[in-house]
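Reader: I have a model to look at and some terms to sort out. Can we go through them one by one?

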Amino acid sequence: MASEKPTVVVTCTAPVNIAVVKYWGKRDEELILPINSSLSVTLHQDQLKTTTTAAISRDFTEDRIWLNGREEDVGQPRLQACLREIRRLARKRRSNGLEDPLPLSLSYKVHVASENNFPTAAGLASSAAGYACLAYALARVYGVDSDLSEVARRGSGSACRSLYGGFVEWQMGERPDGKDSVARQVAPESHWPELRVLILVVSAEKKPMGSTAGMQTSVETSALLKFRAEALVPARMAEMTRCIRERDFQAFGQLTMKDSNQFHATCLDTFPPISYLSDTSRRIIQLAHRFNAHHGRTKVAYTFDAGPNAVIFTLDDTVAEFVAAVRHSFPPESNGDKFLKGLPVEPVLLSDELKATLGMDPIPGGIRYIIATQVGPGPQVLDDPGAHLLGPDGLPKPAA
């Protein structure tokens with residue numbers, strides 16, 4: 001065909017999402033179908049994002065992937081599942097006789113390079129951003145424009161939630177083939193402009209037990225997990241949706257904390273028990289409750305995924321005071337000027353009353369740094385060819 005292009009390259013970015021009603025446990029390991037629905041907040045890509053370049057060319061002899069500059073095994077089952085699913089959708093589109101703007105040979109091999117601008121596998125939802133970005137980039141490169149929930153989900157369950165900005169629900173679905181287990185937006189990123197997010201990075205090391213193994217053990221052994229999924233989550237999903245629609249921070253914050261606590265309770269109810277929280281994590285929980293008690297209402301809310309890092313939700317008028325409270329309780333050891341990343345926060349002084357209420361012995365260096373961010377949009381395509389992570393030869397560009 002004369003219209004065949006020898007190479008097509010697409011670069012996309014995708015966001016991290018943080019669940020406020022948690023997903024933990026699968027009913028189908030292969031299709032990655034969850035035992036309960038979940039709801040998340042998409043974080044802004046100015047602070048946290050994955051960038052992925054996908055290129056297909058008739059010159060490539062095999063599929064290859066690089067993550068943060070290192071070549072990884074392209075045979076990983078989850079990666080293969082995403083590739084197979086995209087190629088299947090592309091073939092289906094072709095056989096439907098739809099005119100394809102890029103009638104590229106489906107036999108072309110793909111090269112993928114992906115980079116995170118935040119620590120990988122440290123409990124900051126890197127796999128969600130990574131697989132959402134992969135699905136989005138592959139779809140663009142192969143000319144697929146259907147719902148990508150299934151493709152992203154096959155890579156990492158929570159990745160389907162990173163396909164949208166704002167506030168996103170992942171409906172567990174009921175069908176055994178998973179066709180109804182999809183993500184949809186509850187409200188766009190513009191819906192609650194005052195909402196702010198602070199990520200308190202306790203440790204950037206890889207976590208002791210990955211989410212996949214942890215979940216499987218919980219499903220097999222935790223009676224509390226089953227009770228949570230069946231008896232509690234459906235009502236929590238409805239209530240959380242209401243809180244978001246009405247921008248009710250009090251109720252949103254309380255439910256977010258309760259759901260986080262309960263998720264970690266199911267981890268402890270797993271046998272043998274799993275503990276993702278560290279001593280510093282527990283002190284952050286204490287700090288948040290004392291801060292709220294001082295103000296007589298819920299002004300900050302914490303949530304923890306499968307790792308020790310805290311994600312704090314608050315409103316823009318509370319950020320400066322809470323950051324000061326964190327600095328007071330966990331004074332930075334050496335990087336005082338680099339302690340706060342992301343959105344600028346004006347320094348403020350804490351009142352003596354608040355210091356007294358916090359009443360904690362400071363732990364220097366307990367928190368490595370804070371990332372200040374806000375709610376953000378879904379995946380984006382970068383039009384600038386200079387943004388490509390792969391060079392014209394289909395190999396990663398040398399680091400600048």
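Author: Yes. Keep in mind that this model is predicted. Start with strands β5, residues 38-42, and β10, residues 167-170.

Reader: How do you know that β5 and β10 pair?

Author: Two strands pair if there are at least two bridges between them. Four bridges join β5 to β10. Therefore they count as paired. The two strands run antiparallel. Along them, L39 stands opposite E169 in β10.

Reader: Which sheet holds these strands?

Author: An open sheet of four strands, in the order β2-β5-β10-β11. Its pairing is antiparallel.

Reader: What makes β2 and β11 edge strands?

Author: Each pairs on one side only. β2 covers 17-21, and β11 covers 183-187. From one strand to the next, the twist averages 35 degrees.

Reader: What packs on the sheet?

Author: Helix α5, residues 223-245. The helix touches β2, β5, β10 and β11. Its direction makes about 110 degrees with that of β2.

Reader: Why is a set of residues called a nonpolar core?

Author: Its members are buried residues of listed kinds, Phe among them, joined through side-chain atoms within 4.5 Å. Buried means under 20% relative accessible area. The largest such core here has 35 residues. F167, F252 and F313 have the most contacts inside it. Helix α5 gives the most to this core, with five residues.

Reader: What does F167 touch?

Author: Its contacts include S40, V41, V186, W192 and I244.

Reader: How many residues does the second core have?

Author: It has 34 residues, including V8, A14, V112 and A139, and is separate.

Notes: Residues numbered from 1 in each chain as written. Predicted model: local features only at pLDDT ≥ 70, side-chain atom pairs only at ≥ 80, totals over all residues. Heavy atoms only, no water. Axes fitted to C-alpha atoms, helices over the stretch in contact; angles between N-to-C directions. Contact = heavy atoms within 4.5 Å. Buried < 20%, exposed > 50% of the residue type's maximum accessible area, 1.4 Å probe, protein only. Lists of a residue's contacts leave out its neighbours within four places in sequence.
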